[in-house]
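Hi everyone, thanks for coming. Let me walk you through a structure that may be new to you, and please have it open while I talk.

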2 protein chains.
Amino acid sequence: MSEKPLILIANDDGVEAKGIKVLTRLMCQLGQVVVVAPDGARSGSSCAITTHGTVRLTCLSQAPGLQVYSCSGTPTDCVKLALEKVLGRKPDLMVSGINHGDNTSVSVHYSGTLGAVYEACMKEVPAIGFSVRSTDPECDFSPYEQSILKIASLAMKKVFPRDVCLNVNFPLVEKLQGIRVCRLARGNWVEEWIEDGEADTFRLTGHFVNLEPEAEDTDDWATRHGMAAVTPLKLDMTHFPTLPLLKELES
Amino acid sequence: MSEKPLILIANDDGVEAKGIKVLTRLMCQLGQVVVVAPDGARSGSSCAITTHGTVRLTCLSQAPGLQVYSCSGTPTDCVKLALEKVLGRKPDLMVSGINHGDNTSVSVHYSGTLGAVYEACMKEVPAIGFSVRSTDPECDFSPYEQSILKIASLAMKKVFPRDVCLNVNFPLVEKLQGIRVCRLARGNWVEEWIEDGEADTFRLTGHFVNLEPEAEDTDDWATRHGMAAVTPLKLDMTHFPTLPLLKELES
């Protein structure tokens, strides 16, 4: 009998968030599941790693087919620890989320949900980040369940290249209008700071501006029109067309 | 008389690091300089942002042509604060570093030096990260000074596209063997955790493995052969060739 697929789950909202509990229940339908997630909220932690001090791993529960650990580090630390110290073999799939809040456009750079995904991708594990356009901690994730199972099943077949991972964003809807394969939108965050009463003390806020709001092939457009956006992301950030433009620097 | 160029400087080693002091002295030759850097070490902070709590900005010194601020947040917070709350206009250039430690290959994802660079790039400011393959706090940066001035001067002419920034890595040498325009090497970090005495407590370490050590067009190769590596990085992480491979997901 062949071994069941091994699935690693992480997130950046912490091991107690509703999103990761829903994702865990779904992944248990597809394989044997190990959760290694932060012990609290780590939103906006990007691919940060703990370079000073220690990271602690705590086993919260062990049942047949499902182990759950919390970790005192970042989402990226969680995946590094899982791959080297918790899982006995390379997993067949890594999923992150379901994030309470979307991760479209440039927000992929700030996202701890995707930080965990990139780390798994670097270690050549098929990896997907799932996010919903709602920060409600009690968000109803049921409209997305069938799409999550469909996308995760496809990813386990390794249909996309090494060094590529998936970023999936859902709109806040009762019924999805379908799935759309998209590129990232060009956009930016503006008016990002509010003063906090005390002098020279600020709190991060801001709002996102889509710089190409009519572009129907983008993740932001799809999720604003009731559709799930699936975007393949690459690890290699080299911009190849610029290489020849810089040749005058060589000596 | 035309205004002098305005140059923003940040880093992830903190405002007191030797690298940022050298970079500041050099940039003062090219324009009017504002430093906004973390109040302590923030290595490995990637594009992390402070989503909970406040960030404090402190003016350390103000002289004609040079202002220095420290910030309690991440490198990315520093750039966001500088652009919105400190500088009166969009800078002509943003530089980060000089980082004590290299940022080649996949390390670009973990780097706070580059987190600051990406943020400036998102805001359409020409931006460059400088790093040296040495973590010595007293590193001698003099072999790199002329190259830094040359690359910074070129970047201010906006020779590379919007949404592209530069990652520059120097070898630890007494005399540079030249500048090489490179792509990122494929590589990875392995054996990343050491046990810290206490049960289930770990400390991040590890070593980098270049998966294509003979590839002479890569940043890791160049810096292992005495040359400065200049790599253009893009913000848009979409992997376009994978888009058609995912079409079966659409419904």
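Let me begin with a small puzzle: is Glu124(A) buried, partly exposed or exposed? Before I answer, please keep in mind that this is a predicted model. Glu124(A) sits in the loop between H4 and strand S6 (127–132) of chain A. Although Glu124(A) is not a glycine, its phi is positive, about 65 degrees. As for the puzzle, Glu124(A) counts as partly exposed, because it has 13 C-beta neighbours inside 10 Å.

Now compare that with a spot in chain B. Ser46(B), in the loop between S2 and S3 of chain B, is not a glycine either and has a positive phi of about 55 degrees. Here the surroundings are crowded enough for the label buried: Ser46(B) has 30 other C-beta atoms within 10 Å, and the cut-off for buried is 20 or more. For context, most residues other than glycine have a negative phi, and most peptide bonds are trans.

That brings me to the peptide bonds. In chain A, Gly97(A) and Ile98(A) are joined by a cis peptide bond, with omega about -10 degrees, and Ile98(A) belongs to strand S5 (residues 93–100) of chain A. Chain B has a cis bond between Gly97(B) and Ile98(B), with omega about -10 degrees; Ile98(B) lies in strand S5 of chain B.

Next, please look at the sheet. It is open, has 11 strands with mixed pairing, and runs from S10(A) and S11(A) through to S13(B) and S8(B). Its edge strands are S10 (193–195) of chain A and S8 (179–181) of chain B, each pairing on one side only. On average, neighbouring strands are turned by 25 degrees against each other, direction ignored. Inside the sheet, S1 (residues 6–10) and S2 (residues 32–38) of chain B pair in the parallel sense over four bridges, and Leu6(B) stands opposite Gln32(B) in S2(B). Helix H4 (residues 112–122) of chain B packs on the sheet, and its direction makes about 170 degrees with that of S6(B).

Finally, how many residues does each chain bring to the contact? Chain A gives 69 residues and chain B gives 69 residues. On the side of chain A that touches chain B, S13(A) makes the largest share, five residues. That side divides into 34 nonpolar, 19 polar and 16 charged residues. Across the chains, S3(A) and strand S11 (residues 201–204) of chain B run antiparallel, joined by two bridges, and Arg56(A) stands opposite Thr201(B).

Thanks for listening!

How values were computed: Residues numbered from 1 in each chain as written. Chains lettered and ligands numbered in written order. Predicted model: local features only at pLDDT ≥ 70, side-chain atom pairs only at ≥ 80, totals over all residues. Pairing = 2+ DSSP bridges. Axes fitted to C-alpha atoms, helices over the stretch in contact; angles between N-to-C directions. Contact = placed C-beta atoms within 7 Å. Nonpolar A, V, L, I, M, F, W, Y, C, P; charged D, E, K, R; others polar. Buried ≥ 20, exposed ≤ 12 C-beta atoms within 10 Å, placed from the backbone.
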